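Please open the structure in your viewer and keep the sequence panel visible beside it. The tour below proceeds by selection, with a short account of what each one shows.

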Amino acid sequence: ERFMRVDFPRILRYPLLLTILLGTAITACGQGTVTFNGQPLWSGTSYSELGMQFQVVIPQGATHDDMVIVPPNWANNIPQDDTPFMGWFRQNNPYNYVSLSLTGGSLFGLTSVQLADPNAPSLSPVSISFIGYLAGGSTVTNTFTTSGNGATTFATYTFNNDFASGLTSVDIVAPRWAMDNLVYAIPEPSTFALIGLGTLVIATRRLRCSPFVRPMEAVFRLRF
């Protein structure tokens, strides 16, 4: 009989440690802000910035309404802002709306957004609903209502915890809206998790046969 002793790396002997390392691999979040500053006076049905894609969806009919990026303080009858912003009116098709998602298809979360009535001064409140689609198949909704009362500027609104992560896409449903500084979050590997996973890879590669007896070695009997 011969004995072959296999020395498994120490890190493989601690399942709890492995679980923690793998489970924390995406605990950190990167953040981005869509400012709409890049293309003033742009209009169309598809807009992308910092990996975030805005798309006009046309469920019925042939006509549609374009999104527009408005230069700062461009006219007196629009919200006053020191930077460009995006505006949208539902005029030509009563069914179309705007949807947003990451261009790479990754999951994301929404943190905050600046909203206004694109008509200024605003004569009445405007309800703007964000309908989020989660990876598990469920939906979440956050509705913000602008103040009206003659408002001429943007206000900042914070999304609830349901929008913090796990979104595949978000529909913006409203008769009209103006938007600026949309803050979103995407999961990314934390430094600690990367170091831990790197150690795991190195340790796995060092798995080898050893002629020495060590504690907790796996011993296989091979008969020849």
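**The whole chain**

Begin with the entire protein displayed: among its contacts with a separation of 6 or more, 74% are between residues 24 or more positions apart. The model is a predicted one. Switch to a cartoon representation, in which 2 helices and 16 strands can be traced. Then display the surface, of which the protein exposes about 12400 Å²; carbon and sulfur atoms supply 57% of that area. Of the 224 residues, 39% count as buried.

**Colouring by confidence**

Colour the chain by pLDDT next. The average for the protein is 81, and 71% of the residues score at least 70. Select residues 190-197, where the pLDDT is below 50; the model gives this stretch 14 contacts beyond near neighbours in sequence. Then select residues 207-224, over which pLDDT also stays under 50. For this second stretch, the model has 40 contacts beyond four places in sequence.

**The open sheet**

Which strands form the open sheet, and in what order? Select β4, β5, β8, β13, β10 and β11, and follow them in that order across the sheet. These 6 strands pair in antiparallel fashion. At the edges lie β4 (46-49) and β11 (139-145), each of which pairs on one side only. On average, neighbouring strands of this sheet are turned by 20° against each other, direction ignored.

Now zoom in on the edge formed by β4. Its partner is β5 (residues 52-57), and 4 bridges join the two antiparallel strands. To see one bridge pairing in detail, select Ser 48 together with Gln 53 in β5, its bridge partner.

**The salt bridge**

How many salt bridges does the structure hold? The count is 1. Show the side chains of Asp 117 and Arg 176, which meet in this salt bridge with an N to O distance of 2.9 Å. The two residues belong to distant parts of the chain, 59 residues apart. Asp 117 sits in the loop between β9 (109-116) and β10 (127-134), while Arg 176 belongs to strand β14 (residues 176-188).

Finally, keep Asp 117 selected and restore the surface. Is Asp 117 buried or exposed? Its relative accessible area is 5%; because the cut-off for a buried residue is under 20%, Asp 117 counts as buried.

How values were computed: Residues numbered from 1 in each chain as written. Predicted model: local features only at pLDDT ≥ 70, side-chain atom pairs only at ≥ 80, totals over all residues. Heavy atoms only, no water. Pairing = 2+ DSSP bridges. Axes fitted to C-alpha atoms, helices over the stretch in contact; angles between N-to-C directions. pLDDT = per-residue confidence, 0-100. Contact = heavy atoms within 4.5 Å. Salt bridge = Lys/Arg side-chain N within 4 Å of Asp/Glu carboxyl O. Buried < 20%, exposed > 50% of the residue type's maximum accessible area, 1.4 Å probe, protein only. Areas by Shrake-Rupley, 256 points an atom, 1.4 Å probe, with all protein chains shown as cover.
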